[in-house]
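I opened a new notebook page for this structure. The entries below follow the order in which I looked things up.

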Amino acid sequence: MSKTSQPCARIISALNVEDEAIRAFYISLINNQSVDEYINERHLHFCSRQVEGYFLSHVLALTELALELPVVRP
């Protein structure tokens with residue numbers, strides 16, 4: 001049987017930046033960690049500074065949206 005190896009880094013490009021921002025926001029929130037910790041743990045690399053800026057803008061927008069949502073208490 002052949003062994004499948006996992007990549008040691010993930011490259012974020014314009015094609016997957018939105019999905020990765022949502023993933024980073026959600027997983028960081030669930031695991032009580034910062035997005036920076038998420039980036040470092042998963043060895044994310046951005047193909048350009050512009051893509052990194054888009055990523056951070058998306059995470060910020062998701063954070064602002066989450067803070068605006070009303071809290072529903074039973």
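Entry 1, a definition before I start. I take the expected span of a helix as 1.5 Å times one less than its number of residues. With that in hand I looked up α1, which has 14 residues. From its first C-alpha to its last, α1 reaches 20 Å, close to the 20 Å expected.

Entry 2, confidence. I noted that this is a predicted model. The mean pLDDT of the protein chain is 88, and 89% of its residues reach 70 or more. I then went through the elements: helix α1 (residues 17-30) has the highest mean pLDDT, 95, and strand β1 (residues 10-12) the lowest, 84. I keep a general caution beside these values: where pLDDT is low, the predicted coordinates should not be read in detail.

Entry 3, the elements. I found three helices and two strands in the protein chain. Read from the N terminus, their order is β-α-α-β-α.

Entry 4, the chain as a whole. The protein chain has 74 residues, and 23% of them are buried. It exposes about 6,100 Å², of which carbon and sulfur atoms supply 57%. I also looked up the contacts with a separation of 6 or more: 62% of them join residues 24 or more positions apart.

Entry 5, back to α1. Which residues of α1 are buried? I listed Val 17, Glu 20, Ala 21, Ala 24, Phe 25 and Ser 28. Seen down the helix axis, the buried residues of α1 fall within an arc of 135°, so they line one face of the helix. On the other side of α1 I found Tyr 26, Leu 29 and Ile 30 exposed. What do the buried residues of α1 pack against? They pack against β1, α2 (35-41), β2 (44-46) and α3 (49-68).

Entry 6, Glu 20. I picked this residue out of helix α1. Is Glu 20 buried or exposed? Its relative accessibility is 1%, so Glu 20 counts as buried, the cut-off for buried being under 20%. I set aside the neighbours within four places in sequence and wrote down the contacts of Glu 20 that remain: Arg 10, Ile 12, Tyr 38, Leu 44 and Phe 55.

Entry 7, aromatic rings. How many aromatic pairs does the structure hold? I found one. The rings of Phe 46 and Phe 55 have their centres 5.1 Å apart and their planes at 55°, so I entered the pair as tilted. Both Phe 46 and Phe 55 are buried. Phe 55 was already on my page as one of the contacts of Glu 20.

Entry 8, Asn 32. I looked at what follows α1 and came to Asn 32, whose phi is positive. The value is near 55°, in a residue other than glycine. Asn 32 lies in the loop between α1 and α2. With a relative accessible area of 74%, Asn 32 is exposed.

Entry 9, His 43. Here too I wrote down a positive phi in a residue other than glycine, with a value near 55°. Where is His 43 found? I placed it in the loop between α2 and β2. His 43 has a relative accessibility of 44%, so I entered it as partly exposed. Exposed would require over 50%.

Technical notes
Residues are numbered from 1 along each chain as its sequence is written. This is a predicted model: local features need pLDDT of at least 70, side-chain atom pairs count only at pLDDT 80 or more; totals for chains, interfaces and linings use all residues. Side-chain values use heavy atoms; hydrogens and water are left out. Helices (H or I, at least four residues) and strands (E, at least two) are DSSP runs, numbered from the N terminus. Buried means under 20% relative accessible area, exposed over 50%, partly exposed in between (1.4 Å probe, protein chains only). Contact means heavy atoms within 4.5 Å. Accessible areas come from the Shrake-Rupley method with a 1.4 Å probe; for residues, only the protein chains shown count as cover. pLDDT is the predictor's confidence in each residue, from 0 to 100. The arc is that of the directions from the helix axis to the C-beta atoms. Rings of Phe, Tyr and Trp (its six-membered ring) pair if their centres lie within 6.5 Å; planes under 30 degrees apart count as stacked, over 60 as edge-to-face and the rest as tilted.
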